[in-house]
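These are my notes from a first look through this model. I wrote down each thing in the order I looked it up.

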Amino acid sequence: MGEIVDLFAGPGGWSEALRELGRGDDEIGIEYEANACATRAAAGHRTLQADVSTIDEQDYADAEGVIASPPCQGFSSAGKGAARDLIPELLDSIRNRRWADRADPDPRVWLIVDLGRWLERLSPEWFALEQVPSVLPIWQAYADLLRSRGYSTWTGILNAADYGVPQTRRRAILIASRTRIVHPPE
């Protein structure tokens, strides 16, 4: 089994799940925000404090899997959600593979496009992406890119409450695999 790279790792939600699956030692979480890194460290999660946009993705060319939950503030319905208005422009950047495009000065918006270079240039066994529901068209564009590279993909909206979490938390999901047919989680 290889390394699992968690981009935008936050305080460690994916890390806790990987630990429960017996894969916690295989994961490296990349996170920019100092408080999230401190929380990860206190929980014993391996962490690199860094800006994902400055990292050479080829340093992780041998990764087995890549997880990404880019910042959601610009897309969330809980706030102003100004990035939702930029989705057509972001989709154009993705479809034309312009990973350096900056549709908005807020990096929390353009990091979702920068993510494309990881998806295009790495070939791990699998990818798992999560974000607020309004990002589903972006995940669908990335699914098209991954299918063109031989991945089986699934995109959709899942609600954490349907999986035993005592919280209504709807999320857009993209799952992709080079080695098996992908279906929505049971």
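**Entry 1: Ile157**

In which strand is the place of Ile157? I found Ile157 in strand β6. The model is a predicted one, and I keep that in mind for every entry.

I then asked whether Ile157 is buried or partly exposed. Its relative accessibility is 30%, so I put Ile157 down as partly exposed. The cut-off for buried is under 20%.

I listed the contacts of Ile157, leaving out residues up to four places away in sequence. Ile157 touches Pro133, Leu136, Arg170, Arg171 and Ala172. For one of these, Leu136, I also noted the spacing: the C-alpha atoms of Ile157 and Leu136 are separated by 7.5 Å, with the two positions 21 residues apart along the chain.

**Entry 2: the sheet**

Next I looked up the sheet. I noted an open sheet of seven strands, in the order β3-β2-β1-β4-β5-β7-β6, with mixed pairing. Which strands are at the edges? I found β3 (47–49) and β6 (152–159) there, each pairing on one side only. On average, neighbouring strands of this sheet are turned by 15° against each other, direction ignored.

At the β3 end I looked at the pairing with strand β2, residues 27–31. β2 and β3 run parallel and are joined by three bridges. Gly29 stands opposite Thr47 in β3.

**Entry 3: strand β4**

I went on to β4, residues 65–68. How many bridges join strand β1 (residues 4–7) to β4? I noted four, and the two strands run parallel. Asp6 stands opposite Ile67 in β4.

I then followed β4 to strand β5, residues 126–131. Four bridges join β4 to β5, and these strands run parallel. Ile67 turns up again, standing opposite Ala128 in β5.

Are the faces of β4 buried or exposed? In a regular strand the side chains alternate between the two faces of the sheet. On one side of β4 I found Gly65 and Ile67, and on the other Val66 and Ala68. These residues are all buried, so both faces of β4 are covered.

**Entry 4: helices across the sheet**

I looked for helices lying across these strands. Helix α2 (residues 34–42) lies across β2 and β3, and runs at about 160° to β2. Helix α4 (residues 107–121) lies across β1, β2, β4 and β5. I noted its angle to β5 as about 170°.

**Entry 5: α3 and α5**

What is the angle between helix α3 (residues 87–95) and helix α5 (residues 136–148)? I wrote down about 10°, with the axes 10 Å apart. The cut-off for roughly parallel is under 35 degrees, and α3 and α5 are therefore roughly parallel to each other.

I also listed the residues that meet. From α3 they are Ile87, Leu90, Leu91, Ile94 and Arg95, and from α5 they are Pro137, Ile138, Ala141 and Tyr142. Sorted by class, this contact has eight nonpolar residues, one charged residue and no polar ones.

**Entry 6: Arg171**

I returned to a neighbour of Ile157, namely Arg171. Arg171 is in strand β7, residues 170–177. Its relative accessibility is 15%, so I entered Arg171 as buried.

Which side chain does Arg171 join by a polar contact? I found Glu130, at 2.8 Å. Leaving out residues up to four places away in sequence, Arg171 touches Glu130, Gln131, Val132, Pro133, Gly156, Ile157 and Leu158.

**Entry 7: Arg169**

I then looked up Arg169, in the loop between β6 and β7. With a relative accessible area of 37%, Arg169 is partly exposed. Beyond residues up to four places away in sequence, Arg169 touches Leu158, Asn159 and Ala160. I also noted that its C-alpha atom is separated by 27 Å from that of Ser53, 116 residues apart along the chain.

**Entry 8: Arg23**

Where does Arg23 lie? I found Arg23 in the loop between α1 (13–20) and β2. Arg23 is buried, because its relative accessible area is 12%. A polar contact of 2.5 Å joins the side chains of Arg23 and Asp26. Not counting residues up to four places away in sequence, I listed Met1, Gly2, Ile4, Leu18 and Glu64 as residues that Arg23 touches.

Terms used: Residues numbered from 1 in each chain as written. Predicted model: local features only at pLDDT ≥ 70, side-chain atom pairs only at ≥ 80, totals over all residues. Heavy atoms only, no water. Buried < 20%, exposed > 50% of the residue type's maximum accessible area, 1.4 Å probe, protein only. Pairing = 2+ DSSP bridges. Polar contact = N/O pair within 3.5 Å; in protein donor to acceptor, adjacent residues only side chain to side chain. Contact = heavy atoms within 4.5 Å. Axes fitted to C-alpha atoms, helices over the stretch in contact; angles between N-to-C directions. Parallel < 35°, antiparallel > 145°, perpendicular 65-115°, else oblique. Nonpolar A, V, L, I, M, F, W, Y, C, P; charged D, E, K, R; others polar.
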